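This report concerns the surroundings of the bound ligands. Please consult the sequence and structure shown below.

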Amino acid sequence: MKSGFVAIVGRPNAGKSTIINALLERDISIVTEKAQTTRNVIKGIYDDGEYQIVFVDTPGIHKARHSLGKIMNQGALDSSKGVDVIILVVDGSRKFDEGDQFIANSLPNNVPMIVVINKIDLIRLPQAVEIKKVYHEKYPHAEILEMSAIENFNIDELLNKVKTFMPEGPRYYPEDAISDKDAAFYVSEIVREKLLLSLKEEVPHELAVRVDEITHKKNEVYIKATILVDKESHKGIVIGKGGKKIKSIGIKARATLEEYFNKHIFLELFVSVKEDWINNPRILKELGYK
Ligand SMILES: Nc1nc2c(ncn2[C@@H]2O[C@H](COP(=O)(O)OP(=O)(O)O)[C@@H](O)[C@H]2O)c(=O)[nH]1
Ligand SMILES: [Mg+2]
């Protein structure tokens, strides 16, 4: 069998998580229109019997403003070392700038690379030609592939290209493994996704979800989770008038979780103010951000 590791890196919002979900044909990593949605390094496992490929989704590399941001950058860069191939995802509708140059300077240059120019559904041909030219100059040894992950365009081509880089190797994970993360991680990410999607810009990124309990009962799964916010004022926004907001978030999360667990879900959500948790090493560790 052939097997190996593939890091998916790039700036926030380029479409990395959308691509890993498309490659694996299931939602292992949450996607929103907000930058810095992905906070953890998440491994998603592809296995077709002939190939086992471990795709590593990473937080976007960005200018870090707090401790969590620094952990996220470090995680992304660390996971690009020692892999068989790096997929660098770029948003083709944006011009190459110093943020992209920072990534070019940070990535190891001894690992084969595929540059994916994503979101080509948003641009016209001349712009696509231009951005390809730029990346060709910046990464002369890389293969370059245009893509629209949202339209599933060139996902199969990407998978086939990745396969050509896989050496003979063992099955690193059990044949039926999907991700390296457990149910608690998935629960906290789904609740966080619904929060991000329904709060728009009112509460920016200073939200985290801690799963306090998952109990499997005969006919249902009981889940208790706490939403951590940075400020007292954010608590009110998350809860909403008469508890309306948090109720609707709970309903949406429950629907997704019922599909995942294939069981009735009883979900209790609490909100707690933890000032500056995003810079607090103890809380970051407790939340699993290391
Ligand atoms: N138009 C368009 N939008 C995309 C494409 N791929 C991803 N997106 C959107 O870009 C946003 C960020 O995607 P996400 O996968 O979370 O990016 P990440 O931060 O790199 O993981 C989401 O709103 C996606 O729906 C694409 O091919 N075309
Ligand atoms: Mg992501």
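## Ligand surroundings

Helix α1 (residues 16–24) supplies 3 residues to the shell around ligand 1, the largest share; helices (H or I, at least four residues) and strands (E, at least two) are DSSP runs numbered from the N terminus. This is a predicted model in which local features need pLDDT of at least 70, side-chain atom pairs count only at pLDDT 80 or more, and totals for chains, interfaces and linings use all residues. Residues are numbered from 1 along each chain as its sequence is written, chains are lettered from A and ligands numbered from 1 in the order in which they are written, and side-chain values use heavy atoms, with hydrogens and water left out.

Of the 18 residues around ligand 1, N13, G15, K16, T18 and D121 come nearest; a residue is near if one of its heavy atoms lies within 4 Å. The shell divides into 6 nonpolar, 7 polar and 5 charged residues. Oxygen atoms of ligand 1 make the following polar contacts (N or O pairs within 3.5 Å).

| Residue | Partner atom in the protein | Distance |
|---|---|---|
| N13 | polar backbone atom | 2.8 Å |
| S17 | polar backbone atom | 2.9 Å |
| T18 | side-chain N or O atom | 2.6 Å |

Taken alone, ligand 1 exposes 580 Å², of which the protein buries 88% (Shrake-Rupley method, 1.4 Å probe).

The magnesium ion (ligand 2) is coordinated by S17 (OG) and T38 (OG1) at 2.0 to 2.2 Å; donors are N, O and S atoms within 2.8 Å of the metal (3.2 Å for Na, K and Ca), and sites may look incomplete because water is not among the atoms. S17 lies in helix α1 and T38 in the loop between α1 and β2 (42–47), 21 residues apart. S17 counts as buried because its relative accessibility is 7%, where buried means under 20% relative accessible area, exposed over 50% and partly exposed in between (1.4 Å probe, protein chains only). T38 is buried, with a relative accessible area of 7%.

Methods: Polar contact = N/O pair within 3.5 Å; in protein donor to acceptor, adjacent residues only side chain to side chain. Nonpolar A, V, L, I, M, F, W, Y, C, P; charged D, E, K, R; others polar.
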